[in-house]
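The following exercises concern a single protein model and are to be solved with its sequence and structure at hand. Each task is followed by a worked solution.

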Amino acid sequence: MRLRDHLPKIKGEGVYIDDFTPKNTLYLFVVRSPIARGVIKSISKPEKTLLTLTWEDVKAYLPVRADPETMKSGKIVRMPLLADSRVNFVGQPVLAFVVEDRYDGEDIAEQVSVDYEELPPLLDVETAMNSEDQIHPGVEKNISVDKVIEGGQLSAKKEAEIVVSRKIYQNRIVSNPMEPKGVLVHWDGENLNVYGSFQSVFRIRSDLRETLNLQPEKIRVYSTLVGGGFGNKVPLHAEYVLAAIASMKLNRPIKWIETRSEHLKNPTIGRGVLSEVKMYATKSGQILGVEGYVAVDLGAYNYTINPTTPEFIARLVTGPYKTKFASIRAIGVFTNLPPTGPYRGAGRPEAALIHETLVEDLSQGIGMDPVEIRKRNIIGDMEEYVTPLGVRIDPAGYMTVLSTAEIYYKMSKEKYKDKGVSIVVFTDIDRLSPGEGARVRIENGRVKVFVGSGPHGQAHEDTFAKLASETLGIKEDLIDVVMNTTETVKEGIGSFGSRSGTVGGSAVIEACRQLLQKANIPIDRALKELNGLEVEVFYKADDIFTPGAHIAVVDVDKETGFVEVLKYYSVEDVGRELIKEEVEGQIIGGILQGVSQVLWEQTPYDQYGNPLFYSIADCGVPTAKEADYQVELNTLTFPSSLPSRSRGVGEAGTTGALPAVFIALEKVTRKKLFKTPVLPWEIVS
């Protein structure tokens, strides 16, 4: 196993954000709303603080990222840094203060008194979108985004001989990294220096520029070890800006470290998707198209990219299948819960559960084998296909993935005759666009590789060093890799959407190729003679796809309702397997998150919008005991068109496991399921 990434962590030498405390550091604390919806009547500020901030002191909102059409047509309501006279979810920041000693912070917070006029909250999508009560004035039915996404031969549904329909609610999930969020900000009089646990330093810089109206060259962002991300550490959060404002006012470093309790109440929460979709087909098993709606619980505000989530899911609902038409209404709905945002998969697993349950219903409806119906409709190997909704799916090993998985499926059906055995197929979009930045420099007989992306558990340092070594023709020991800071490349994007190894690796390869051309002498001589020679690129790329097929075998205790995953098979077309152990780790970890959503993880709230979960355990995050099932992996290699030839795998496991376990559970219980999670007492009842 390569240890460039892992050894410092194993030895306890890794530096996380709370390990980094310069002299004269002050500490930021945030007072949060204890109610889900209400009007602030008055605030009593605390004593003995170095600085106290309320809405009147900041008067700024967090950025929202969406395409121009969505921003124009939608009812976009951005979240204020601190509540602007109203609160809309339990945990919303109301007041912030700075103290010298972090251990005084909680005591001082208790001095704050806020008088609220409490209002009845709207806590679920269906209630909110059918209510005359408006969370935000002027937003009718609490609908922020409402689009109909359709294309193809819409008249083809008249050819249908069978129509199946499924309504499913996919529960909210807290993205629970080992290390919650944190930031250290220091305004040095000229520049804002920002250190934190970030998946994308360039996104943080861009968001800070917009919120604080600072020039980007005045903002320097550095990431420490991230300690887990899952999408939660991509965007700017209110506390980061409050720390920046405090540092600019006090001219001292300001640190904010999120507690687990805060994390459980804070944006961004994942999933929260209600869908009702029909699939039209012939009795011979040809899928004609899909029609229906996808409604996403946005929470209390538009936050990060959540205005785009409904349409993103809607465009993926046709899956890896050829269809004649599709018509999906994509709706984003405000509720009085914490804002939702990307969580591992970020729309891909949600879409896969929708299309795979429909295909399974169709299979049963016409009495056709689940593999056969998928074979009749799946995209062919190395075939480029554009869906009726305009999604370009690049050539890959779609049919071979399914055919390989069929072997495991038939074997499992024979071995586990009285258990639930499922097979699902999907194609996972890798969010490569617009590309990634990389710079390569010869320095003192070594090569330094700088990349705009940064790791949060994917061994990027080893990956980029390997690709640079292969391209340059030198040993990896001569290569140093520096990532996740705005100070090393002019333009970068970040680590999310299964993109870094694929497009980040391609940027490294392209930069190394151009370095060899620029040197124009053998690399051995260049290392000795061309100190300081460098090349920087921004490698542009379009999105690609990672096909996969999963088989889950589950059993259920008929008396207790407890579910056990007995065996799991995963077949993935990874393009090129950059580092085998890391690919396996990403897929296995992703599978556990998909399993977990079906069986354990949840975020229950009471009728007043108070969270009924107070720890990781309360959220249903699995322990090693629950994760004791066996996973067998089979990776196929239909290369992508990029220099790295790879395909992303960070979200593939989650995308396949959600429908695979869900459908296997249906088979063993012989019940149709309509929500996640599926809890033991629901099974026995």
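**Exercise 1. Cis peptide bonds**

Where does proline 677 lie?

Solution. Proline 677 is placed in the loop between strand E26 (675-676) and helix H18 (680-684). Helices (H or I, at least four residues) and strands (E, at least two) are DSSP runs, numbered from the N terminus. The model is a predicted one, in which local features need pLDDT of at least 70 and side-chain atom pairs count only at pLDDT 80 or more, while totals for chains, interfaces and linings use all residues. Residues are numbered from 1 along each chain as its sequence is written, and side-chain values use heavy atoms, with hydrogens and water left out.

Next, consider the backbone. The peptide bond between threonine 676 and proline 677 is cis, with omega about -10°. A cis bond also runs from proline 267 to threonine 268, where omega is near 0°. Threonine 268 belongs to the loop between H8 and strand E13 (269-281).

**Exercise 2. Positive phi values**

Determine the phi angle, the location and the exposure of asparagine 444 and of arginine 670.

Solution. Begin with asparagine 444: its phi is near 55°, a positive value in a residue other than glycine. Asparagine 444 sits in the loop between E19 and strand E20 (446-451). Because its relative accessibility is 63%, asparagine 444 counts as exposed (exposed means over 50% relative accessible area, buried under 20%, partly exposed in between, with a 1.4 Å probe and protein chains only).

Then take arginine 670, whose phi is likewise positive and near 55°. Its position is the loop between H17 and E26. Arginine 670 is exposed, since its relative accessible area is 78%.

**Exercise 3. Salt bridges across the sequence**

Which residue forms a salt bridge with arginine 348, and how many residues apart are the two?

Solution. Side chains of opposite charge can pair when their charged atoms come close. The criterion is a side-chain nitrogen of Lys or Arg within 4 Å of a carboxyl oxygen of Asp or Glu, and by this rule the count comes to 58 salt bridges.

1. The partner of arginine 348 is glutamate 651, with the closest N and O atoms 3.4 Å apart. The pair links distant parts of the chain, 303 residues apart: arginine 348 is in helix H10 (residues 348-366), and glutamate 651 is in the loop between strand E25 (630-636) and helix H17 (652-669). Arginine 348 counts as buried because its relative accessibility is 6%; glutamate 651, at 7%, also counts as buried.

2. Aspartate 555 and lysine 419 form a salt bridge in which the closest N and O atoms are 2.9 Å apart. Aspartate 555 is in strand E23 (residues 544-556) and lysine 419 in the loop between helix H12 (398-415) and strand E18 (420-430), so this pair ties together parts that are 136 residues apart in sequence. Lysine 419 counts as partly exposed because its relative accessibility is 24%.

3. Arginine 499 pairs with glutamate 436, the closest N and O atoms being 2.9 Å apart. Since arginine 499 is in the loop between strand E21 (479-483) and helix H14 (500-519) and glutamate 436 is in strand E19 (residues 435-443), the bridge ties together parts that are 63 residues apart in sequence. Arginine 499 is buried, with a relative accessible area of 1%, and glutamate 436 counts as buried at 0% relative accessibility.

4. Finally, salt bridges that share partners join Arg439, Arg441, Glu443, Lys448, Glu534 and Glu536 into one network.

**Exercise 4. The largest cavity**

Which residues are the closest to the centre of the largest cavity?

Solution. On a 1 Å grid over the protein atoms alone, a cavity is a set of points where a 1.4 Å probe fits but cannot get out, and lining residues have an atom within 4 Å of a point. The whole structure contains 3 cavities of 30 Å³ or more. The largest cavity holds about 110 Å³ of space, a volume being the space filled by probe spheres set on the points, which are joined across faces, edges and corners. Of its 17 lining residues, the closest to the centre are Leu316, Gly319, His355, Thr427 and Phe545. H10 and E18 each supply at least two residues of this lining.

How values were computed:
On a 1 Å grid over the protein atoms alone, a cavity is a set of points where a 1.4 Å probe fits but cannot get out, and a pocket is an open set with protein on both sides within 12 Å along at least five of seven lines; lining residues have an atom within 4 Å of a point.
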